[in-house]
Amino acid sequence: MMKHGAKFACTHAKTVHAGLGQHNLTQDTRGLTPSRIFTCSTARYFSATSLPLNRNRDQEGIHNSGKKLFTPGPLCTSKTVKEAMLLDYGSRDTTFIETVKYIREKLLDVAGVDPSQYTCVPLQGSGTYALEAVISSTVPRQGGKVLVLANGAYGMRVSRICKAHNIDHVLCRFPDEEKVRVEVVEEALKQDTFTNVSIVHCETSSGVINPVEDVGLLLKRYTDATYFVDAMSSFGAIPLDMVACGVDYLVSSANKCIEGIPGFSYVIANREKLFNSKGWSRTLSFDLVEQCEGLDQNGQFRFTPPTHVMLAFKQALIELEQEGGVKGRARRYLAHCMNVKYCLYNNDRYPEIRLYTQGR
């Protein structure tokens, strides 16, 4: 592994290590912001949860076992979200088709994009299924090459998907505790030509927020490559202007910040880019264009949809709006984070937090 400050080198079919190395937060936290300490060294104890402040959800019968989930997703869900799954609908029932239509339209609203320029494509399966759908469907079969920007496990997963489909790609690897460095991306763009570029907005394994907008502006200067953002752990709670960032594809899943039930994922896609990629898909089930065309034609999934999960997700979207949308949910998550920081600071179990605060 290269040391910090190592010169960037980009060669075909090789991983680019941009200062890769392990960092022990308990030994040196002086160079990190408070949010980075809490999202790295203590993430498993306090990851953004759906538990609201000043509200006893146990009294509402939400937790059957009394267990509270402190994970990025699946996470705690409201009683009303759970109750939405108590109804049975067939995949071709009018009520269910209307539910799918509502979800597609509402997700575009949450994303803040124009429906005439973007579309929403839900897909059965976890978030990784949508990742694979985008990569396997939108990289040209001839001359396609992906620049994968990775600073954690989920950025690395995109590289694994490329390998599985024999897609030419360059992996630009950054340390897990650092965000993607724009100057390194710029050097990569100068050295090679790419048809697609991928980045993770919030790296789930660490909590690092990557500079999606800065990278997007850089792409506009150097290339017309398709820009793909994995927003699995951020969409619905961390604002992101897709248009300003030049994002062509954004992926997330039902069981993250919108606080639905696991079972499907979705892609917010630039219409022109999506339909220009028709015929590029390397699979049947993950063909993003055919999935979208089927939904546009009759409102139905090509294959059996997760009906109960989508009914629950519709209710979750309603509750997101009631809370004040993305900004409202962000306020609650931030309040939780600050409360946990206070608790952890006063707990000798986490001396690194006290060390950081005293050091400032």
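**Exercise 1: A salt bridge and its setting**

Is Lys278 buried, partly exposed or exposed? Work this out, then find the partner of Lys278 and say where the two residues sit.

*Solution.* One thing before we start: this is a predicted model.

Step 1. Lys278 has a relative accessible area of 48%. The partly exposed class runs from 20% to 50%, so Lys278 is partly exposed.

Step 2. Now look for the partner. The side chain of Lys278 meets that of Glu293 in a salt bridge, 3.1 Å from N to O.

Step 3. Place both on the chain. Glu293 belongs to helix H11 (residues 288-298), while Lys278 is in the loop between helix H10 (271-276) and H11, so the pair ties together parts 15 residues apart in sequence.

Step 4. Check Glu293 as well: its relative accessible area is 29%, so Glu293 is partly exposed too.

**Exercise 2: Salt bridges elsewhere**

Find the salt bridge partners of Glu178 and Arg332, and say which residues make up the network around Arg332.

*Solution.* Step 1. The structure has 16 salt bridges. Side chains of opposite charge can pair when their charged atoms come close.

Step 2. Glu178 pairs with Arg181, with 3.1 Å between the closest N and O atoms. Arg181 has 22% relative accessibility, so this residue counts as partly exposed.

Step 3. Arg332 pairs with Glu323, and here the closest N and O atoms are 2.4 Å apart. Arg332 is buried at 10% relative accessibility, whereas Glu323 is partly exposed at 24%.

Step 4. Follow the shared partners: salt bridges link Glu259, Glu323, Arg329 and Arg332 into one network.

**Exercise 3: A buried charge without a bridge**

Glu319 is buried yet has no salt bridge. Find the nearest side chain of opposite charge and the side chain that Glu319 makes a polar contact with.

*Solution.* Step 1. Find Glu319 in helix H12 (residues 307-322).

Step 2. The nearest side chain of opposite charge is that of Arg329, 5.9 Å away. A salt bridge needs the nitrogen and the carboxyl oxygen within 4 Å, so at 5.9 Å there is no bridge.

Step 3. Look for a polar contact instead. The side chains of Glu319 and Ser78 are joined by one of 2.8 Å.

Step 4. List what else Glu319 touches. Beyond its neighbours within four places in sequence, Glu319 contacts Ser78, Thr80, Val81 and Arg329.

**Exercise 4: Helix H7 and what covers it**

List the buried residues of helix H7, name some of the elements that cover them, and describe how Tyr222 meets H7.

*Solution.* Step 1. H7 spans residues 182-191, and its buried residues are Val184, Val185, Glu186, Ala188 and Leu189. A handy rule here: an α-helix has 3.6 residues a turn, so residues three or four places apart point the same way.

Step 2. The cover over these buried residues includes strand E3 (146-150), strand E4 (169-173) and helix H8 (212-222).

Step 3. Zoom in on Leu147. Among the residues Leu147 touches are Val185, Ala188 and Leu189, along with Val170 and Cys172. Leu147 also ranks with Leu107 and Ile268 as the residues with the most contacts inside the largest nonpolar core, which has 81 residues. In soluble globular proteins, nonpolar side chains tend to be buried together.

Step 4. Turn to H8, where Tyr222 is found. Tyr222 is partly exposed, at 32% relative accessibility. Leaving aside neighbours within four places in sequence, Tyr222 contacts Glu186, Leu189 and Lys190. A polar contact of 2.4 Å joins the side chains of Tyr222 and Glu186. Tyr222 and Leu189 are 33 residues apart in sequence, but their C-alpha atoms are 6.9 Å apart in space.

**Exercise 5: Ser233 and the whole chain**

Place Ser233 and find its polar partner, then put the result next to the totals for the chain.

*Solution.* Step 1. Ser233 is in the loop between strand E6 (226-230) and helix H9 (242-245). With a relative accessible area of 12%, Ser233 is buried.

Step 2. The side chain of Ser233 makes a polar contact of 2.6 Å with that of Thr204. The two residues are 29 apart in sequence and 6.0 Å apart in space, C-alpha to C-alpha.

Step 3. Zoom out. The chain has 14 helices and eight strands, and 52% of its 360 residues count as buried. Of the contacts with a separation of 6 or more, 70% are between residues 24 or more positions apart.

Conventions
Residues are numbered from 1 along each chain as its sequence is written. This is a predicted model: local features need pLDDT of at least 70, side-chain atom pairs count only at pLDDT 80 or more; totals for chains, interfaces and linings use all residues. Side-chain values use heavy atoms; hydrogens and water are left out. Buried means under 20% relative accessible area, exposed over 50%, partly exposed in between (1.4 Å probe, protein chains only). Helices (H or I, at least four residues) and strands (E, at least two) are DSSP runs, numbered from the N terminus. Contact means heavy atoms within 4.5 Å. Lys and Arg count as positive and Asp and Glu as negative; His and the chain ends are not counted. A polar contact is a pair of N or O atoms within 3.5 Å; within protein, one must be able to donate a hydrogen and the other to accept it, and residues adjacent in sequence count only if both atoms are side-chain atoms. A nonpolar core is a set of buried Ala, Val, Leu, Ile, Met, Phe, Trp, Tyr and Cys residues joined through side-chain atoms within 4.5 Å.
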